[in-house]
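User: I am new to this structure and would like a close look at one part, the second largest pocket. Please describe what lines the pocket and how the surrounding elements are arranged.

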Amino acid sequence: MAEPIRVVLVDDHQVARHGLQSYLRAFEDLEVVGEAASGEEVLQKIEAWMPDVVVMDLLMPGGINGIETIKRVRALLPHTHIVALTSSTDDALVGAALRAGAIGYVRKDTRLEDLLASIRAAARGQSLLDPTVARLVMQELTRVGKPGVELTEREQEVLRQLALGRTNQEIAEVLMVSNETVKTHVGNILTKLQLAHRTQAVIYALKKGLISLDEIDLP
């Protein structure tokens, strides 16, 4: 049996944290390994918890806000994925969360099933785009990717598969290459385009017409 997904919850409202923790405990593939009430607290404990996914409230009091916390968590634990969770629909906040390194963005008024799907997708390095923020994600199209950079034909195909939500192993099977070859291509793509993570790769692929919104999984 696969190891459960290690989840950390960050929200300044204790009732919200405990309610979400109680919900997630019902699923055998998830394990809540920690919770924090502020950016400062999660940064102090994150390396001890070693989570696969952090569910991060963006609007927290204190000296370190949610956006800065995302940046610092990603710097400390690059393999930990972050799902931003907030009641805000502010366009700038959505864009800031994605640029900071969040792999997903889920509104607090979404269904719990949708948040659950986003956590599971994030653990696989995939994004489920919340339909309520899809328009805002599209606005990011003009902000990502270095102009003038050309990808090889194989890199474009890897990017397309990546943007469709496939794991490295799945891409390797589709393209009939090794997993290590795919990892190399993914690294080259992110470096060339100056992208921080796979969510931005999805946005870039949309911008370049390699995929359409209809092909992306929405909760």
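Analyst: What follows describes the pocket, then the sheet and helices, and then one charged pair.

This is a predicted model, in which local features need pLDDT of at least 70 and side-chain atom pairs count only at pLDDT 80 or more, while totals for chains, interfaces and linings use all residues. Residues are numbered from 1 along each chain as its sequence is written, and side-chain values use heavy atoms, with hydrogens and water left out.

A pocket here is an open set of points on a 1 Å grid over the protein atoms alone, where a 1.4 Å probe fits and protein lies on both sides within 12 Å along at least five of seven lines; its lining residues have an atom within 4 Å of a point. The second largest pocket has a volume of about 220 Å³, a volume being the space filled by probe spheres set on the points, which are joined across faces, edges and corners. Its lining consists of 16 residues, and A16, L20, L85, K108 and L115 are the ones nearest the centre. By type, the lining holds eight nonpolar, two polar and six charged residues, where Ala, Val, Leu, Ile, Met, Phe, Trp, Tyr, Cys and Pro count as nonpolar, Asp, Glu, Lys and Arg as charged, and the others, Gly among them, as polar.

Helices (H or I, at least four residues) and strands (E, at least two) are DSSP runs numbered from the N terminus. At least two lining residues each come from β1 (5-10), α1 (14-24), β3 (53-57) and α5 (112-123), and α1 gives the largest share, with four residues.

Five strands make an open, parallel sheet in the order β2-β1-β3-β4-β5, strands being paired if DSSP finds at least two bridges between them. At its edges are β2 (30-36) and β5 (104-107), each pairing on one side only. Helix α1 lies across β1, β2, β3 and β4, whereas α5 lies across β1, β2, β3, β4 and β5; contact means heavy atoms within 4.5 Å.

K108, already named near the pocket centre, forms a salt bridge with D11, their closest N and O atoms being 3.1 Å apart; such a bridge is a side-chain nitrogen of Lys or Arg within 4 Å of a carboxyl oxygen of Asp or Glu. Because D11 sits in the loop between β1 and α1 and K108 in the loop between β5 and α5, the pair ties together parts that are 97 residues apart in sequence.

Conventions:
Axes fitted to C-alpha atoms, helices over the stretch in contact; angles between N-to-C directions.
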